[in-house]
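Trainee: Could you take a close look at a single part of this model and set it among its surroundings? I would like one connected account, with each term's cut-offs stated as it comes up.

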Amino acid sequence: MKIISIFENDDQALFSCKYEEKDMNEFEWLFDCWNNIQYLEDFFNENEMDLKSDFYNYISVETAVYQTLKDAQNLEDEIRNIVYERKSKFPSLDRLFKNLYDSSIEEKYDKQKCYGIIDRSWLRVYAIKLESGKFLVTGGAIKLTKSMNNRIHTKRELKKLDNCLKYLKENNIHLEN
Amino acid sequence: MKKESKNKLKNLVSPEKSNWLEKAEFRNDNEEWLQKSSFIALKILRFIRKSKISQKEFARNLGVSPQQVNKILKGNENLTLKTICQIESALGIELISIATNESFTNPKVNSDDFINGSKEISSRSVLFELTPIEHNSCKTYKKTA
């Protein structure tokens, strides 16, 4: 695994994992996928049943694709604003990312997630919080179910988070969250 | 993070650069035509899926390589009118149409102004609209003048 710098400012930095099996780092790959119509159409076609719920208002594959495109664009804009230190809905990465588990006493706050911008967004970017303002993206997903354990593609993201923490520990990088 | 860990992290970070920011800027600068390209790609995808046409077959009918079709279907291609018409012909569907229910004359500028050349056209008219994919959402993508 490699760690790739996405951007580094004075007090904020975003890094991304790059795994051997991919020729692109995870963060870049996520936004490539979320702007790839063929990828999105395939994904929502395969997971159409998850769209057929009261929560998502039984939206169609087409609507899901459009929604994802718009949401990804908005999220990317907000992150660009952080990079350029412009006025943003999220003034910092610390405000953009939240604890992975909403409430837990046992879980440390190393594992983090970032949502898309629209209401009920299914976009997720997963990261390890290295310290205040600094995050290491491990992956991301389009999460259509309540629990990450309910689908293979989201369950895989949990494994990536664990593997990344293990990698950092093996390289004697200690987090203080 | 302790200084020791920070230094170790610094050494771990690869010299390899990410292209994300460059791509993000491109997507931002070319938002409008990329959106239209996306809509066209989605319409093609939904049609060939429904009609059980393979991408290879579609490429063959279009007279291009499967790799080129792949590019088109990603929704990031700056399609020429010629290509759009060829796709429409290959699939027997309409992807875009000329707006017929809107005047091309800018109401703020009359023909005398054109003749006199005294006024600049300050807003654009709609020339094209994408044909709707389905009834219950995202029907027409017209920009208003």
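Mentor: Read from its start along the sequence, chain B runs α-β-α-α-α-α-α-β-α-β, which amounts to seven helices and three strands, where helices (H or I, at least four residues) and strands (E, at least two) are DSSP runs numbered from the N terminus. The model is predicted, so local features need pLDDT of at least 70 and side-chain atom pairs count only at pLDDT 80 or more, while totals for chains, interfaces and linings use all residues. Residues are numbered from 1 along each chain as its sequence is written, chains are lettered from A and ligands numbered from 1 in the order in which they are written, and side-chain values use heavy atoms, with hydrogens and water left out.

Of the 145 residues in chain B, 34% are buried (under 20% relative accessible area, 1.4 Å probe, protein chains only). Where contacts in chain B (heavy atoms within 4.5 Å) join residues at least 6 apart in sequence, 55% of them link residues at least 24 apart.

The part I would single out lies in chain A: strand β6(A) has nine of its nine residues buried, so it is largely enclosed by the rest of the structure. Strand β2 of chain A, residues 13-18, pairs with β6(A) in the parallel sense over four bridges (pairing requires at least two DSSP bridges), and within this arrangement A:Phe15 has A:Leu136 of β6(A) as its bridge partner. Strand β5 of chain A, residues 123-131, pairs with β6(A) in the antiparallel sense over eight bridges, and here A:Ile128 stands opposite A:Leu136. A:Leu136 is thus a point at which to read both pairings, with A:Phe15 as one partner and A:Ile128 as another. Two residues separate β5(A) and β6(A) in the hairpin that they form, and A:Gly133 in the turn takes a positive phi of about 85°.

From the strands we can turn to the cores, sets of buried Ala, Val, Leu, Ile, Met, Phe, Trp, Tyr and Cys residues joined through side-chain atoms within 4.5 Å. The largest nonpolar core has 61 residues, and A:Trp34, A:Phe44, A:Trp122 and B:Ile44 have the most contacts inside it; helix α4 of chain A, residues 61-83, supplies the largest share, 10 residues. Leaving aside residues up to four places away in sequence, A:Trp122 touches, among others, A:Phe44, A:Leu51, A:Tyr56, A:Ala64, A:Asp71, A:Ala141 and A:Ile142. A second, separate core of 22 residues includes A:Ile3, A:Leu100, A:Ile128 and A:Leu130, which brings us back to A:Ile128, opposite A:Leu136 in β6(A).

How values were computed: Buried means under 20% relative accessible area, exposed over 50%, partly exposed in between (1.4 Å probe, protein chains only).
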